[in-house]
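This report goes through strand pairing, salt bridges and aromatic contacts in turn. Please keep the sequence and the coordinates at hand while reading.

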Amino acid sequence: MNIFVRQNDNDLLKYLSDAEAQKLKKIERQQTIENKEKVLAEGAENRDIYLVAEGILEVTKLDSTGEEIIFDTVYEGEIIGEMNFIQPGKSIFGVRAKGKTIVASYTYDVLSDLMTKNKHLAAKIFAAINDSLADKNIRITQKL
C-alpha cells in the first residue's frame, strides 16, 4: 500500500506535485540516443536513473557467445537504473535505444543531494522507484 497519490504517468515523478517535479526537471539532462546506441553498457558501474522521455529502450544481456539478447523493453514514461541507484554495483544488463529515443538522466550525486535536502521529496521518489522495481519483477517473471 502506498501513502502517496499518483499525480502523473511519469514513473519517477508520479507522486510529485508540480512544484516538486520542477525541482527534478531542473537537474535532468536530456540526450537523444540513436537506434542501437548504448545508454548503459552491461558491467558498467553507474548509479544514475534514466527516464524514457520519448521512444523505447531495450534491456539486453550478453549470452555465452557474446550475442546480445533482448531481455526486456522500457517504454516512454518508464525508468531504468533504479536498482543501481539504491545498491551500487555493476549493471547486470545493457540498455540500448530501439529507434531514435530521448532519455532524461538524473545523476546519482545531484539527485541524492536534492533528496537529502528534502526528505518528503525523497520519500516520494523512493516510493516511485519501489513501484517501478516491483512492476519490472512481475513483468520479467511472467516472461520466464
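## Strand pairing around β6

In this predicted model, strand β2, which spans residues 38-40, pairs with β6 in the antiparallel sense over 2 bridges. Within that pairing, Lys38 has Arg96 of β6 as its bridge partner. Strand β1, made up of residues 29-33, also pairs with β6, whose run covers residues 94-106, and here the sense is antiparallel over 5 bridges. The bridge partner of Thr32 in this case is Ile102 of β6.

Strand β3, which takes in residues 49-62, is another antiparallel partner of β6, and the two are joined over 10 bridges. Val52 stands opposite Val103 of β6. Strand β6 is thus a recurring partner in this account, paired with β1, with β2 and with β3.

## Salt bridges on the strands

The search of the whole structure finds 8 salt bridges. One of these joins Arg96 to Glu58, with the closest N and O atoms 2.8 Å apart. Because Arg96 belongs to strand β6 and Glu58 to strand β3, the pair ties together parts of the chain that are 38 residues apart in sequence. Both Arg96 and Glu58 are buried. This bridge is also part of a network, in which salt bridges that share partners join Lys38, Glu58, Glu68 and Arg96. Two members of the network, Lys38 and Arg96, appear above as bridge partners in the pairing of strands.

Lys61 forms a salt bridge with Glu42, and their closest N and O atoms are 3.3 Å apart. This pair likewise links distant parts of the chain, since Lys61 is in strand β3 and Glu42 is in the loop between β2 and β3, 19 residues apart. Lys61 has a relative accessibility of 30% and so counts as partly exposed, and Glu42, with a relative accessible area of 28%, is partly exposed as well. Apart from its salt bridge, Lys61 is involved with an aromatic ring: its charged end sits over the ring of Phe93, 5.9 Å from the ring centre.

## Links made by helices α1 and α4

Glu20 and Lys124 meet through their side chains in a salt bridge, with an N to O distance of 2.8 Å. The two residues are 104 residues apart, with Glu20 in helix α1 (residues 18-27) and Lys124 in helix α4, and the pair links distant parts of the chain. Both Glu20 and Lys124 are buried.

Helix α4 also holds Lys136, which has a relative accessible area of 10% and is therefore buried. When residues up to four places away in sequence are not counted, Lys136 touches Ile79, Ile80 and Glu82.

## Aromatic pairs and the cluster at Phe85

The count of aromatic pairs comes to 3. In one of them, the rings of Phe85 and Tyr108 have their centres 5.1 Å apart and their planes at 65 degrees, and the pair is classed as edge-to-face because planes over 60 degrees apart fall in that class. The pair links distant parts of the chain, with Phe85 in helix α2 (residues 82-86) and Tyr108 in helix α3 (residues 108-117), 23 residues apart. Phe85 is buried, with a relative accessible area of 3%, whereas Tyr108 is partly exposed, with a relative accessible area of 24%.

Phe85 also pairs with Phe126, where the ring centres are 6.4 Å apart and the planes stand at 50 degrees, so that the pair is tilted. Here too distant parts of the chain are linked, because Phe85 is in helix α2 and Phe126 is in helix α4 (residues 119-143), 41 residues apart. Phe126 has a relative accessible area of 40% and is therefore partly exposed. Phe85, Tyr108 and Phe126 together form one aromatic cluster.

A charged group joins this picture at Tyr108. The charged end of Arg47 sits over the Tyr108 ring, 3.8 Å from its centre.

Note on methods. Residues are numbered from 1 along each chain as its sequence is written. This is a predicted model: local features need pLDDT of at least 70, side-chain atom pairs count only at pLDDT 80 or more; totals for chains, interfaces and linings use all residues. Side-chain values use heavy atoms; hydrogens and water are left out. Rings of Phe, Tyr and Trp (its six-membered ring) pair if their centres lie within 6.5 Å; planes under 30 degrees apart count as stacked, over 60 as edge-to-face and the rest as tilted. Helices (H or I, at least four residues) and strands (E, at least two) are DSSP runs, numbered from the N terminus. Buried means under 20% relative accessible area, exposed over 50%, partly exposed in between (1.4 Å probe, protein chains only). A charge sits over a ring if NZ of Lys or CZ of Arg is within 6 Å of the ring centre and within 35 degrees of the ring normal. Two strands pair if DSSP finds at least two bridges between them. A salt bridge is a side-chain nitrogen of Lys or Arg within 4 Å of a carboxyl oxygen of Asp or Glu. Contact means heavy atoms within 4.5 Å.
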